[in-house]
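Reader: I would like to go through this model with you and ask how each label was earned. Could we start with a single residue and work outwards?

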Amino acid sequence: MAMKIEHMALWVWDLEGARSWWETYFDATAGAEYVNAAGFHSYFLTFPDGGARLELMWDGTQLPNEDDRPHHGYGHVAVSVGSKEAVDALTARLVADGFRCVSGPRTTGDGYYESCVLDAEGNRVEITV
């Protein structure tokens, strides 16, 4: 049986801001917003290569709180951009636009060429070949 990542999910505080960030920097396309009766909202984002999708989720009952953040974030999402040059260019663009690069671009000990940036909400996005 072949397996692949179908989608990853990311809890966010600002659903529209997060959607816009992924559309602007990674050419994502958002599907229709899903809203249920309990106050849960989400978008599924697709990418030009047709691979795994990203679900952005927001729960209207959850509010940001420095001591208790029950529905927020993930470890990281890795996005392949195809070449070292593309990693460098996107990293530079994000830094120029005010986003923090927390590592790289560099070749890691296990041979990956990557950088890691923080999105608009401080979540880690790994940009790799």
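Author: Happily! Thr128 is a good start: its relative accessibility is 12%, and buried means under 20%, so Thr128 counts as buried. Please keep in mind that this is a predicted model.

Reader: Where does Thr128 sit, and which residues is Thr128 in contact with?

Author: Thr128 belongs to strand 9, residues 124-128. Apart from neighbours within four places in sequence, Thr128 is in contact with Val79, Ser80, Val81, Gly82, Val87, Tyr112, Tyr113 and Glu114.

Reader: What makes the approach of the Thr128 side chain to the backbone oxygen of Tyr113 a polar contact?

Author: The distance is 3.0 Å. A polar contact needs a pair of N or O atoms within 3.5 Å, and the side chain of Thr128 reaches that oxygen of Tyr113 inside this limit.

Reader: Thr91 is another threonine I would like to check. Why is Thr91 called buried or exposed?

Author: Thr91, in helix 2, has 4% relative accessibility. The cut-off for buried is under 20%, so Thr91 counts as buried. A polar atom of the Thr91 side chain also lies 2.7 Å from the backbone oxygen of Val87.

Reader: Which residues is Thr91 in contact with, leaving aside neighbours within four places in sequence?

Author: Those are Cys101, Pro105, Ser115, Val117 and Ile127. For Pro105, the C-alpha to C-alpha distance from Thr91 is 7.5 Å, with the two positions 14 residues apart in sequence numbering.

Reader: What is notable about the peptide bond from Gly104 to Pro105?

Author: This bond is cis, with omega near 0°. Most peptide bonds are trans. Pro105 itself has its place in strand 7, residues 101-107.

Reader: What is the phi of Asp27, and why does Asp27 count as exposed?

Author: Asp27 has a positive phi of about 55° although it is not a glycine. Most residues other than glycine have a negative phi. As for accessibility, exposed means over 50%, and Asp27 comes to 53%, so Asp27 counts as exposed. Asp27 lies in the loop between helix 1 and strand 2.

Reader: Why are Gly51 and Ala9 given the label between buried and exposed?

Author: Partly exposed covers the values between the two cut-offs, 20% and 50%. Gly51 has a relative accessible area of 33%, so Gly51 is partly exposed, and Ala9, at 31%, counts as partly exposed too.

Reader: Where are these two in the fold, and how far are they from distant parts of the sequence?

Author: Gly51 lies in the loop between strand 4 and strand 5. The C-alpha atoms of Gly51 and Lys4 are 8.7 Å apart, with the residues 47 apart along the chain. Ala9 is in strand 1, residues 7-11, and its C-alpha is 7.0 Å from that of Met57, which is 48 residues away in sequence. Beyond neighbours within four places, Ala9 is in contact with Glu55, Met57 and Tyr74.

Reader: How many helices and strands does the chain have, and in what pattern?

Author: There are two helices and nine strands, following β-α-β-β-β-β-β-α-β-β-β along the sequence. Of the 129 residues in the chain, 37% are buried.

Reader: Which residues of the largest nonpolar core touch the most other members?

Author: The core has 25 residues, and those touching the most other members are Trp21, Trp22, Phe26, Leu54, Leu56, Leu94 and Val125. Helix 1 gives the most to this core, with six residues. Trp22 has contacts with, among others, Leu45, Leu54, Leu56 and Val125.

Reader: What volume does the largest pocket have, and which residues are closest to its centre?

Author: The volume is about 550 Å³. Of the 21 lining residues, Phe47, Asp49, Ala78, Val79 and Ser80 are the closest to the centre. Helix 1, strand 5, strand 6 and helix 2 each give two or more residues to the lining.

Reader: How is that lining divided by class?

Author: The lining holds 14 nonpolar, three polar and four charged residues.

Terms used. Residues numbered from 1 in each chain as written. Predicted model: local features only at pLDDT ≥ 70, side-chain atom pairs only at ≥ 80, totals over all residues. Heavy atoms only, no water. Helix = DSSP H or I, 4+ residues; strand = E, 2+ residues; numbered from the N terminus. Buried < 20%, exposed > 50% of the residue type's maximum accessible area, 1.4 Å probe, protein only. Polar contact = N/O pair within 3.5 Å; in protein donor to acceptor, adjacent residues only side chain to side chain. Contact = heavy atoms within 4.5 Å. 1 Å grid on protein atoms, 1.4 Å probe; cavity = no way out; pocket = protein on both sides within 12 Å on 5 of 7 lines; lining within 4 Å. Points joined across faces, edges and corners; volume = space filled by probe spheres on them. Nonpolar A, V, L, I, M, F, W, Y, C, P; charged D, E, K, R; others polar. Core = buried A, V, L, I, M, F, W, Y, C linked by side-chain atoms within 4.5 Å.
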